[in-house]
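Please walk through the structure shown below step by step, keeping the sequence beside it as you read. The aim is to build up a picture from its parts.

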Amino acid sequence: MRQNLENTQNWGRWSQDLEKLVDWLLDNESFSDAEALRRLTSMIRHAPHPDMVEGVERLDQTVIEHLLAAGAADTLALRLISPDSGFFISRGAAGEYLVSVVLADRGGETTAAGSTLPRAMVCALAMSLSQPAQPAISPMLTQPATGATLH
């Protein structure tokens, strides 16, 4: 983040709306992955400032609807992560997904679980975006040039 956007007009409401989306998904298993993705992508497109959504892709509504119509909610969830951000996905034996995201310029990892990949991704992204950006952290466990370097 290039500036302190948490002081930008409407930041607080937008952040609260992202948190409500997470609560809504946790409390309403009957809502579809498509609806969860539509809500998040709409919030991304309508962010109060473009820098608030650094690390995620602002996809065109036509692309979103084509992917959902094709039954490609998993693909849409993955397309939300920009090339300069990172993610990790795992699925347990019981079928629950665990998604961790590290959004560019946010300086921290956010992890969420869900019954499907899109639900877990929407929760992880919404939780990450709802938090103020943190300064970048230097690599951990770096040793002097004569020793080993762990990455």
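In H2, the buried residues are Asp33, Ala34, Ala36, Leu37, Leu40, Thr41, Met43 and Ile44, and the model in which they are seen is a predicted one. The elements that cover these buried residues of H2 include H1, H3, H4 and H5. H2 itself has 13 residues, and the distance from its first C-alpha to its last is 18 Å, which is close to the 18 Å expected at 1.5 Å a residue.

One residue of this helix deserves a slower look, namely threonine 41, which is found in H2. Threonine 41 counts as buried because its relative accessibility is 3%, and the limit for that word is set at under 20%. A polar atom of the side chain of threonine 41 lies 3.2 Å from the backbone oxygen of arginine 38. If its neighbours within four places in sequence are left aside, threonine 41 is in contact with Ile64 and Leu80.

From this helix we can move to the interior. The largest nonpolar core has 40 residues, and those with the most contacts inside it are Trp14, Leu21, Leu37, Leu40, Leu125 and Leu129. Helix H1 (11-27), helix H2 (33-45), helix H3 (61-69), helix H4 (73-79), S2 and H5 each supply at least two residues of this core, and the largest share, nine residues, comes from H5. To see what surrounds one of these core residues, consider leucine 125, which, leaving aside its neighbours within four places in sequence, is in contact with Leu40, Val56, Leu80, Ile81, Val101 and Leu103.

Helix H5 spans residues 117-130, and serine 130 has its place in this helix. Is serine 130 buried or exposed? Its relative accessibility is 5%, and serine 130 therefore counts as buried. A polar atom of the side chain of serine 130 lies 2.9 Å from the backbone oxygen of methionine 127. Serine 130 and tryptophan 14 are 116 residues apart along the chain, yet their C-alpha atoms are separated by 7.6 Å. Apart from neighbours within four places in sequence, the residues in contact with serine 130 are Trp11, Ser15, Leu18 and Glu19.

The strands remain to be described. Three of them form an open sheet in the order S1-S2-S3, and their pairing is antiparallel. Strand S1 (86-91) and strand S3 (109-114) stand at the edges and have a single partner strand each, so one side of each is left without a neighbour in the sheet. From one strand to the next, the twist averages 15°.

Within this sheet, strand S2 (residues 97-102) and S3 pair in the antiparallel sense over six bridges. Two positions help to trace this pairing by eye: leucine 98 stands opposite alanine 113 in S3, while serine 100 stands opposite threonine 111 in S3. In the hairpin of S2 and S3 there are six residues between the strands, and aspartate 105 takes a positive phi near 65° there.

Which residues of S3 lie on its covered face, and which on its uncovered one? The covered face of S3 has Thr110, Ala112 and Gly114, whereas the uncovered face has Glu109, Thr111 and Ala113. Threonine 111 and alanine 113, named above as standing opposite serine 100 and leucine 98, thus belong to the uncovered face of S3.

Conventions: Residues are numbered from 1 along each chain as its sequence is written. This is a predicted model: local features need pLDDT of at least 70, side-chain atom pairs count only at pLDDT 80 or more; totals for chains, interfaces and linings use all residues. Side-chain values use heavy atoms; hydrogens and water are left out. Two strands pair if DSSP finds at least two bridges between them. Helices (H or I, at least four residues) and strands (E, at least two) are DSSP runs, numbered from the N terminus. Axes are lines fitted to C-alpha atoms, for helices over the stretch in contact, and angles run from 0 to 180 degrees between N-to-C directions. Buried means under 20% relative accessible area, exposed over 50%, partly exposed in between (1.4 Å probe, protein chains only). Contact means heavy atoms within 4.5 Å. A polar contact is a pair of N or O atoms within 3.5 Å; within protein, one must be able to donate a hydrogen and the other to accept it, and residues adjacent in sequence count only if both atoms are side-chain atoms. A nonpolar core is a set of buried Ala, Val, Leu, Ile, Met, Phe, Trp, Tyr and Cys residues joined through side-chain atoms within 4.5 Å. The expected span of a helix is 1.5 Å times one less than its number of residues.
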